[in-house]
Each structure stands twice: as structure tokens, then as C-alpha cells.
Amino acid sequence: YYLRLALDDRPGTLAEVAAALGQHGVSIDQMRQTRHESEDAPVVMITHTCPRAAIDAALAEIGALAACRATPVAYRIETL
């Protein structure tokens, strides 16, 4: 899955996100935080293969975090 998040740019935020993903069995394959001028840090993650239910549960938890600035987005990546 491709995940797009808008998070507070403060220490510990990525740890909270990683913990939520890990609790639901979602493993991060790649992650990138792009440059930004605002307090919202745009973060993109690619996960290892996992069930959609695990992504949905993790994103519900991430979306409820105080550090989450917008609704998280997930897109399934298919192999062609």
C-alpha cells in the first residue's frame, strides 16, 4: 500500500505512527518525509504486502492521533 499522511512536525510523531502500524501487523517498506514550510509534515510510506483490513485499522488509529493533521490516505499498489 501507498500511504499519504500529514503529521505534526515534532519529535515522536513518526514513532506514534510506526507503533500504530505495527500493532496491526503493517510493516513499512519505504518512507519519505518531504520538505515543507508549514507545521504539517507530508509523509509518504510504502508498506509490505498486508491485508486491507490491517491498513484500515491502522489508519483509523493514526487518524485519531493528535499529531495527525488530515485524514490519512491509502492506495493499493498492484503488480502489473
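Me: Where does helix H1 lie with respect to the strands?

Reply: In this predicted model, helix H1, made of residues 13-23, lies across E1, E2 and E3, and its direction is at about 140° to that of E1.

Me: In what order do the strands stand in the sheet, and how are they paired?

Reply: Two strands count as paired if at least two bridges are found between them. Here four strands form an open sheet in the order E2-E3-E1-E4, with antiparallel pairing. Strand E2 (28-33) and strand E4 (73-75) stand at the edges with a single partner strand each, so one side of each has no neighbour in the sheet. On average, neighbouring strands of this sheet are turned by 20° against each other, direction ignored.

Me: How many bridges join strand E1 to strand E3?

Reply: Seven bridges join E1 (residues 2-8) to E3 (residues 40-47), and these two strands run antiparallel. As for Arg 4, the residue opposite in E3 is Val 44.

Me: Which residues of helix H2 are buried?

Reply: Buried means under 20% relative accessible area, and exposed means over 50%. In H2 the buried residues are Ala 54, Ile 55, Ala 58, Leu 59 and Ile 62. Seen down the axis of H2, these buried residues fall within an arc of 125°, so they line one face of the helix. The elements that cover them include E1, H1, E3 and E4, whereas the face of H2 turned away from the buried side carries the exposed residues Ala 53 and Ala 60.

Me: What span should the 12 residues of helix H2 have?

Reply: At 1.5 Å a residue, H2 (residues 52-63) should span 16 Å, and its end C-alpha atoms are 16 Å apart, which agrees.

Terms used: Residues are numbered from 1 along each chain as its sequence is written. This is a predicted model: local features need pLDDT of at least 70, side-chain atom pairs count only at pLDDT 80 or more; totals for chains, interfaces and linings use all residues. Side-chain values use heavy atoms; hydrogens and water are left out. Axes are lines fitted to C-alpha atoms, for helices over the stretch in contact, and angles run from 0 to 180 degrees between N-to-C directions. Contact means heavy atoms within 4.5 Å. The expected span of a helix is 1.5 Å times one less than its number of residues. Buried means under 20% relative accessible area, exposed over 50%, partly exposed in between (1.4 Å probe, protein chains only). The arc is that of the directions from the helix axis to the C-beta atoms.
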